[in-house]
Amino acid sequence: MRNVKLYRYQLAMDSGVILRDQKLPQREGWIVELTDAGKTGYGEVAPLPGFSQESFDEAGEQLQQALALWASEG
């Protein structure tokens, strides 16, 4: 049986990271945990403003759809 866990995170960027003339005050993303046949893998999804085509919310919606499909195929 396949199992999926999704964790959302926000990290303060105290160092004043600047991306394309825009200060990045925090880093947002998701940690994905996939388990199948007793084996577990981890991944991260964290789109960068100004670099990624998807917004944070769009990436989250796509991620949830992909994870639901992966879990249902097991």
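## Briefing: core, strands and loops

Among the elements of the protein chain, E2 has the lowest mean pLDDT, at 82, and E5 has the highest, at 97. The model is predicted. Its protein chain averages a pLDDT of 92, and 100% of the residues score at least 70. The points below cover the nonpolar core, an aromatic pair, strand pairing and a few loop residues.

**Nonpolar core**

- The largest nonpolar core is built from six residues: Trp30, Val32, Phe56, Ala59, Leu63 and Leu67.
- Strand E4 (26-36) and helix H1 (56-72) each supply at least two residues of this core.
- H1 gives the most, with four residues.
- Val32 of this core also has a place in strand pairing, as the bridge partner of Leu6.
- Two aromatic members of the core are Trp30 and Phe56.
- Trp30 has a relative accessibility of 7%, so it counts as buried.
- Phe56 has a relative accessible area of 14%; with the cut-off for buried at under 20%, Phe56 is therefore buried too.

**Aromatic pair**

- The structure holds one aromatic pair.
- The ring centres of Trp30 and Phe56 are 4.1 Å apart and the planes meet at 5°, so the pair is stacked.
- The cut-off for stacked is planes under 30 degrees apart.
- The pair links distant parts of the chain. Trp30 sits in strand E4 and Phe56 in helix H1, 26 residues apart.
- Beyond residues up to four places away in sequence, Phe56 touches Trp30 and also Arg8, Glu28, Gly29 and Pro47.

**Strand pairing**

- Strand E1 (residues 3-12) and E4 run antiparallel and are joined by ten bridges.
- Within E4, Val32 is the bridge partner of Leu6.
- E4 is also joined to E5 by seven bridges, and these two strands run antiparallel.
- Glu33 stands opposite Tyr42 in E5.
- In a regular strand the side chains alternate between the two faces of the sheet.

**The E4-E5 hairpin and Ala37**

- The hairpin of E4 and E5 has two residues between the strands.
- Ala37 is found in this loop, between E4 and strand E5 (39-45).
- The phi of Ala37 is near 55°, a positive value in a residue other than glycine.
- Ala37 has 69% relative accessibility, so it counts as exposed.

**Arg20 and Phe51**

- Arg20 is found in the loop between strand E2 (18-19) and strand E3 (22-23).
- Arg20 is not a glycine, yet it has a positive phi of about 50°.
- At 58% relative accessibility, with the cut-off for exposed at over 50%, Arg20 therefore counts as exposed.
- Which residues does Arg20 contact, leaving aside neighbours within four places in sequence? They are Gly50 and Phe51.
- Arg20 lies over the face of Phe51, at 4.2 Å from the ring centre.
- The C-alpha atoms of Arg20 and Phe51 are 8.7 Å apart in space, with the two positions 31 residues apart in sequence counted as their separation.

**Gln53**

- Gln53 lies in the loop between E5 and H1.
- Is Gln53 buried or exposed? Its relative accessible area is 79%, so Gln53 is exposed.
- Gln53 and Val17 are 36 residues apart along the chain, and their C-alpha atoms are separated by 20 Å.

Methods
Residues are numbered from 1 along each chain as its sequence is written. This is a predicted model: local features need pLDDT of at least 70, side-chain atom pairs count only at pLDDT 80 or more; totals for chains, interfaces and linings use all residues. Side-chain values use heavy atoms; hydrogens and water are left out. A nonpolar core is a set of buried Ala, Val, Leu, Ile, Met, Phe, Trp, Tyr and Cys residues joined through side-chain atoms within 4.5 Å. Buried means under 20% relative accessible area, exposed over 50%, partly exposed in between (1.4 Å probe, protein chains only). Contact means heavy atoms within 4.5 Å. Rings of Phe, Tyr and Trp (its six-membered ring) pair if their centres lie within 6.5 Å; planes under 30 degrees apart count as stacked, over 60 as edge-to-face and the rest as tilted. A charge sits over a ring if NZ of Lys or CZ of Arg is within 6 Å of the ring centre and within 35 degrees of the ring normal. Two strands pair if DSSP finds at least two bridges between them. pLDDT is the predictor's confidence in each residue, from 0 to 100.
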